[in-house]
Amino acid sequence: MKDSAAFFLFTVALLSLCSLAPAEDLLKFVDGSALHGELQRMDVNQGVRWENPDAKNPIDFAPAHIDSIQFAHADSLSLAPTCHLRFANGDDLFGSVNSLDQEHLGFSTWFGGAMTIPRAAVQSITFLSSNYTILYEGPYDMQGWVTGNNPPESWALRDGAFIATGPGALGRDFKLTGSSTVEFDLAWNELFEFVVDLYTDALDHLDYNTSSYLVGLTASQVSLRRSGMTRGFVAKSFGDAAWTLPPGKNKIHVAIQSNKDEATLAVFIDNVLIKRWTDPNGFTATGGGILFVQAGMGGTGVKVSNIRVSQWTGRTEPETAAVVTNVDAIRLVNHDQADGKIMNIKDNQVSLALGGTVLQVPLQRVTQINFATPATTTPANDPWNVRALFPGGGSLSFQLEKWNGQEVAGRSAIFGRLAFQPSAIRELEFNLDRPRPQPKVVTETEFEGLDE
Amino acid sequence: MNRIARLIFSFLALAATACAQPLPDQVLFHNGDSLYGKLLAIDSSGTLRWQHPDAAEPIDFKLGSVAQLDFAPPKTLGVHSNSTCHLLLAGGDFLEGSFVSADQSAVTLQTWFAGPLRVPRSVLRSLVFVPVSPSIFAGITGMEGWTQGKSVAAFAGESGQWTYRDGAFYASKAASIARDLKLPGVAEIHFDVAWKGPLNLAIALYTDSLQPILLTGKEAGPDFGGFYSFRFQNTVFIDMMPIKKREPLRSLGQLIIPSLNNRSRLHVDLRVSKPQRKIALFFDDELVKEWDDTAGFAGEGTGMRFVQNPGGVVKLSNLRISRWNGVFEQTLQESADLAQDIFWLEDGTKLTGTLESMANGQLAARATNGPIEIPLAKLQAIDFAHGTNSAPRTQTATVRATFAHGGGLTFDLESWRPDEMTVRSPDFGEAKINPAAFSRLQFLPPEKKTGGPKG
């Protein structure tokens, strides 16, 4: 019933786009239901006070069955981090590593400055490519976005997601100049045929006369074409790559890495590399924009959310996923990996004990450090144990103590006492001990010899 | 624990959880929001009072913002289901109850949910008498009477058996189970199916074999009588195939329903008429397909066989079989503009005329060649005369209600309490209705309110 209800709600949401109210916060429950409105306050004694425009009075909810609160407006963080930390409890943060020894990691965060945290809490450190910059994280509003071929039922913004129910184009000039990583979640309600036009000058339509790269996505294949006149043809196809969509799954996470120095473009779905193409003529796209095109027929709907566009330079692409390992390991820019015991990070070098010797590896040669899988701790069965998701990426769990218009306060097992501006949080997850929906993985069995 | 075992465990745990927790009501708002909980009241001032399990106090919502209410199934609905008469009204409204009387101006039904309702002839489209007969099969209660078969196409080590638990059969590997259910020639077959992974289920209808038949090797296998194979393949592909020995495989028409990929359970309703050689398929009470076997009805037995093919976990429950009145929706819809009433008799013949009265077990009508009388016991249905000049409704309705047994009714809702709702119908005026009759109330936006008859 919940599956069908969720599908029905998605459909209703699509159909109700024409009568959208101004952006509101969204309160989601673990049973799949949801209520727009505005968070008034939270504390452990009185619960969550929610103002809903259709309710005659504010509503006080106990947190026991709240899944999350999604905020309509969040202040973008200006981040130029050098590394990305993943923690054993599922948190992750962007920042800079200052030091590492057997017990502690020195780390600078945007919210707390330089801090020292237990090494045992850290799962991995990913060193970002040089000049790594997050250009965009959202969406929160339509500002800067351009729609084209957009009949009323096509692209619209709702609850932090772009939703299209008919053919149409949605573009934005990110002024891309370097290599880039474009990430987003894609969900759909029937079949989908989706195109991402990268490094384009045209923001409201597919323009085959200018040079850009077009990534095509369907439920069964990924393709790459380069637009622009080449030997009399308006587009060059680099071929298709098949992928298998597990039955029942209607949402994927897509990451597209465009490496200008290497003239490569790689597509990842749910953190799995589907295909990396190389343009033998070099990276020829010249624009700075990105265009999303819903090419499917009317009546089918797609939803694009959690868009993040980052830019970097150099030949090394940022790692997109951490590796679970039972020993410490470092991954190098040449894709080699060395296992051993990481002793420390000091003077821009990492010390790795290998048998009886200790290697000193310059940090600029390291792309990722994975620590031997630390003992994970199950989050306490307390609905006030929440996880905040920040604009620009990163998440942090803590025991919420209070939330009012000026301050969010709580205590983190890793960082100790915390306080934020409420506007620094784009989403707050509750009931962290509840298993979150994971992509369904079903082994397909070939249907042979129909048996009646 | 291997993968299949984990799947089954989680599947059973899910089913157990679903059984243990009573389903709540759900309110859906025009902006797509929704909440589970319990409807407490709707009053004439336009306030809907809702109890959410996590809210400290009942919540008062503006009724104008509400798009739909879905109600938890009432526990006692089954006792009300032995109605004898269905009325289809202009605009698609539907009423069921016990027939009381009819004359040139109205038909009167005695309903369990609203007492006697007098419906004017001007809004009537059809009347169908429903056979009052107990269910031929009323739910899976155990393995007794069922025959497990060996799935002949299964890979070595991959065949299994259906298992029984809490009113349902489960299969996680290729498995077959069958029973002679004494299917009548005109039957209604209901069941619920839930699945994980791809749905690869084949159901044999009107079979005389309790063992599975390998379709690709049927000529080499034992003899069997003809049957219909209704099948799901990879969830979204649905087919109905007449299967006979020494005849090539053929399909009556395949369906592809991609939205089933987003589902994990389904209520299936098959309505079969052997004399008309037709089978209608309903999913969740919505007509999906009518198959017409122009080569003649292929089924030669009275049994059913459920065969789970490899690749998924499936649960079957609520299998119910009963006699049916044999009236396909399409038959009624075809009579869009009628100059005279049509009287359908039990043997399939039809007479035309003008209804004068129905009382004392007799229908009296006037035909072009004189009066006719038909015993009500032999009457199956009436399509009422109507045309484009039918009297339009004098008011519009703001609510479309769906009966728990299927079918809908439109009206203005004056108030709702747990024990009684007050409505005003454009067809039969004000009525007090037992809320348990309905599984859903849809609040129509102004531009979608129902107006005059469509036909």
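**A beta-rich two-chain model**

In chain B, strands β21(B) and β22(B) form a hairpin with four residues between the strands, and within this hairpin Arg277(B) adopts a positive phi near 60°. Most residues other than glycine have a negative phi, and most peptide bonds are trans. The model is a predicted one, and this hairpin is a convenient place to enter it.

The strands on either side of the turn are β21(B) and β22, residues 278-283 of chain B, which pair in the antiparallel sense over six bridges. Within this pairing, Val268(B) stands opposite Phe283(B) in β22(B). Strand β21, residues 265-273, also pairs with strand β16, residues 186-196 of chain B; nine bridges join the two, and they run antiparallel. Here Ala194(B) has Arg265(B) of β21(B) opposite it.

Another part of chain B holds an open sheet of seven strands. Their order is β12-β15-β24-β17-β18-β19-β20 (chain B), with antiparallel pairing. The edges are taken by β12 (147-149) and β20 (255-256) of chain B; each has a single partner strand, so one side of each is left without a neighbour in the sheet. At the β20(B) edge, the partner is strand β19, residues 237-243 of chain B, joined to β20(B) by two bridges in an antiparallel arrangement. Phe237(B) has Ile256(B) as its bridge partner in β20(B).

Taken as a whole, chain B contains two helices and 35 strands. Of its 455 residues, 40% count as buried. Among contacts in chain B with a separation of 6 or more, 63% are between residues 24 or more positions apart. Chain A contains one helix and 35 strands. Its 452 residues include 39% that are buried, and 60% of the chain A contacts between residues at least 6 apart in sequence join residues at least 24 apart.

In soluble globular proteins, nonpolar side chains tend to be buried together. The largest nonpolar core of this model has 111 residues, and those with the most contacts inside it are Ile425(A), Val66(B), Leu87(B), Val119(B), Leu124(B) and Leu127(B). That list names residues of both chains. Leaving aside residues up to four places away in sequence, Val66(B) touches Val27(B), Phe29(B), Leu48(B), Phe61(B) and Phe443(B). Apart from this core lies another, of 51 residues, which includes Val193(B), Met241(B), Phe306(B) and Val307(B).

Chain A has some backbone features of its own. The peptide bond from Gly138(A) to Pro139(A) is cis, with omega near 10°. Pro139(A) sits in the loop between β11 (133-138) and β12 (145-148) of chain A. Two residues other than glycine in chain A can be considered together, since each has a positive phi near 50°: Asp270(A) and Asn431(A). Asp270(A) is placed in the loop between β22 (264-269) and β23 (272-278) of chain A, while Asn431(A) belongs to the segment after β35 (427-429) of chain A. Which of them is buried, and which partly exposed? Asp270(A) has 17 other C-beta atoms within 10 Å and is therefore partly exposed. Asn431(A) has 21 within 10 Å and is therefore buried; a residue counts as buried if 20 or more other C-beta atoms lie within 10 Å of its own.

Confidence remains to be considered. The model scores ipTM 0.73 and pTM 0.70. Chain B averages a pLDDT of 82, and 82% of the residues score at least 70. In chain B, pLDDT stays under 50 over residues 1-20, where the model has eleven contacts beyond four places in sequence. Residues 450-455 of chain B also stay under 50, with 20 such contacts in the model.

Chain A averages a pLDDT of 81, with 81% of the residues scoring at least 70. Within chain A, confidence is lowest in helix α1, residues 2-15, at a mean of 39, and highest in strand β4, residues 59-61, at 96. Residues 1-21 of chain A have pLDDT under 50 throughout, and the model gives them 33 contacts beyond four places in sequence. Over residues 437-452 of chain A the pLDDT is likewise below 50, and this stretch has 43 contacts in the model beyond near neighbours in sequence.

Terms used: Residues are numbered from 1 along each chain as its sequence is written. Chains are lettered from A and ligands numbered from 1 in the order in which they are written. This is a predicted model: local features need pLDDT of at least 70, side-chain atom pairs count only at pLDDT 80 or more; totals for chains, interfaces and linings use all residues. A nonpolar core is a set of buried Ala, Val, Leu, Ile, Met, Phe, Trp, Tyr and Cys residues joined through C-beta atoms within 7 Å. A residue is buried if 20 or more other C-beta atoms lie within 10 Å of its own, exposed if 12 or fewer, and partly exposed in between; C-beta atoms are placed from the backbone. Two residues are in contact if their C-beta atoms, placed from the backbone, lie within 7 Å. Two strands pair if DSSP finds at least two bridges between them. pLDDT is the predictor's confidence in each residue, from 0 to 100.
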